[in-house]
Amino acid sequence: MISLLTPELLQTHSFPAQQYRFSNGLTLIHQQTPAAPVVTVDVWVKAGAILEPEPWSGMAHFLEHMIFKGTHQLPPGLFDQIIESRGGTTNAATSYDYAHYFINTAAIHLPETLPHLADLLLNAQIPEQEFELERDVVLEEIRQSMDDPEYLGFQSLLESVYQRHPYGRPVLGDAQLLLDRSPDEMRHFHRTHYQPENIAVVIVGDVAWEPTLEMVSRSFAQFAPRSNCPLPDVEAEPPITDIRRQELYLPRLEQARLMMAWTGPGVEHLRSAYGLDLLSVLLAGGRTSRLVRELREERYLVQDIISSFSLQQDSSLFTITAWLEPEHLSRVEAIIGDRLAELAEVLPSATELSRYQRLLCNDYAFSTETAGQLAGLYGYYSTIAEPQIATAYPQVVQSFTPEDVRNIARQYLSPLRYAVTVLKPC
């Protein structure tokens, strides 16, 4: 089992939620927060795009749409009406490692809303007429993405980074392949992956443990009969060994984009992954960060520059993106490479490191204030690792030394091994 909680961290860290695993494999995570009479239910399913066979590209995201098209008990649209008539909200999202579905409602309405959410997830009917109508909605979503330069550039970058692994495929899917899919294939996908051992029900809010346990036990009791849809061949992505370069010329593009990417560890090496998160803010996490200060504030070579870190189950992604005039592209890329080389040799000062450790810890605190934020945090980690490590992040970030940061930069942020996608105006 993956664990980030070393003996040292265990002495200072405790998980504030309760976790229970039912005999069928379903996981319940609960935390009572009585500050306000509201509750969030967030159901996380290990059924993201990574599980799609390549000819079924886009199935996980399309299924997210179809889940809301009802069951034998809930005609299309009735679930939304039930939630909204009680002042609540509902939504869903799909990524590579997961799909999740949530409702926010007054705590008093949980007993009458939770069973309907469970019914949608466990007993999705996927009616044929609704399938055809909703496919047009998804296809339009794909068409709109093709008009978005940021999406096109980032997706091209992903395809360059992940040439074998499904992380390189678009979550939205391929339009032509979606036209070939059938409602029966989607039912097989649903009944294969929407099973109890793949689901975590996270409930955070003003509701006690015992009634929560009883409601979830009753609502998530009857799953659809299991199916056995094809599983993809997921290969480990080989390391990048050179500079993978590509250029795209796009109409109506006012500024060039420089998009650079490096792969990092997945959840099997979480501490190193968190170190890359720290390096991300050190390099381009605000006005005083290294690249922002030099390239935007002092040299005026970019309009803006940001760095981001995305933790995924199999492989994390570290990116640097700059908005700039085309004539500065080569110079800015070279400067970034030089700064990464320096970072691998020269220790950051204790003062600089402390500043960005404090920034990340503050961001974490601000992003875990509400029931919805906590539910999302617990559900995300229950999907890619284990929920108990979700709240260890601040302690881990604070544990890094300048030597740790330098070593992680050496290992993962090579100025000679990365992928770069450049967007230029036509």
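Colleague: In what order do the 5 strands of the open sheet lie?

Modeller: This is a predicted model, and in it the 5 strands form an open sheet whose pairing is mixed. The edge positions are taken by β7 (243-250) and β9 (304-310), each of which pairs on one side only, while the twist averages 15 degrees from one strand to the next. Read across, the order is β7-β11-β8-β10-β9.

Colleague: In which sense do strand β8 and strand β10 pair, and which residue in β10 stands opposite Trp262?

Modeller: Strand β8 covers residues 256-265 and strand β10 covers residues 315-324, and the two pair over 10 bridges in the antiparallel sense. Within β10, the residue standing opposite Trp262 is Phe318.

Colleague: Which helix lies across β7, β8, β9, β10 and β11, and at about what angle does it run to β8?

Modeller: The helix is α12, made up of residues 329-343, and it lies across β7, β8, β9, β10 and β11 (418-425). Its direction relative to β8 is given by an angle of about 25 degrees.

Colleague: How do the residues of the contact of α4 with α9 divide into nonpolar, polar and charged?

Modeller: The axes of helix α4 (residues 110-122) and helix α9 (residues 209-219) come within 9 Å and cross at roughly 35 degrees, and the crossing is right-handed. From α4, the residues Leu110, Pro111, Leu114, Pro115, Ala118 and Leu122 meet Met215, Val216 and Ser219 of α9. Sorted by kind, the residues of this contact come to 8 nonpolar, 1 polar and no charged.

Conventions. Residues numbered from 1 in each chain as written. Predicted model: local features only at pLDDT ≥ 70, side-chain atom pairs only at ≥ 80, totals over all residues. Heavy atoms only, no water. Pairing = 2+ DSSP bridges. Helix = DSSP H or I, 4+ residues; strand = E, 2+ residues; numbered from the N terminus. Axes fitted to C-alpha atoms, helices over the stretch in contact; angles between N-to-C directions. Contact = heavy atoms within 4.5 Å. Left-handed = near helix turned anticlockwise from the far one by under 90°. Nonpolar A, V, L, I, M, F, W, Y, C, P; charged D, E, K, R; others polar.
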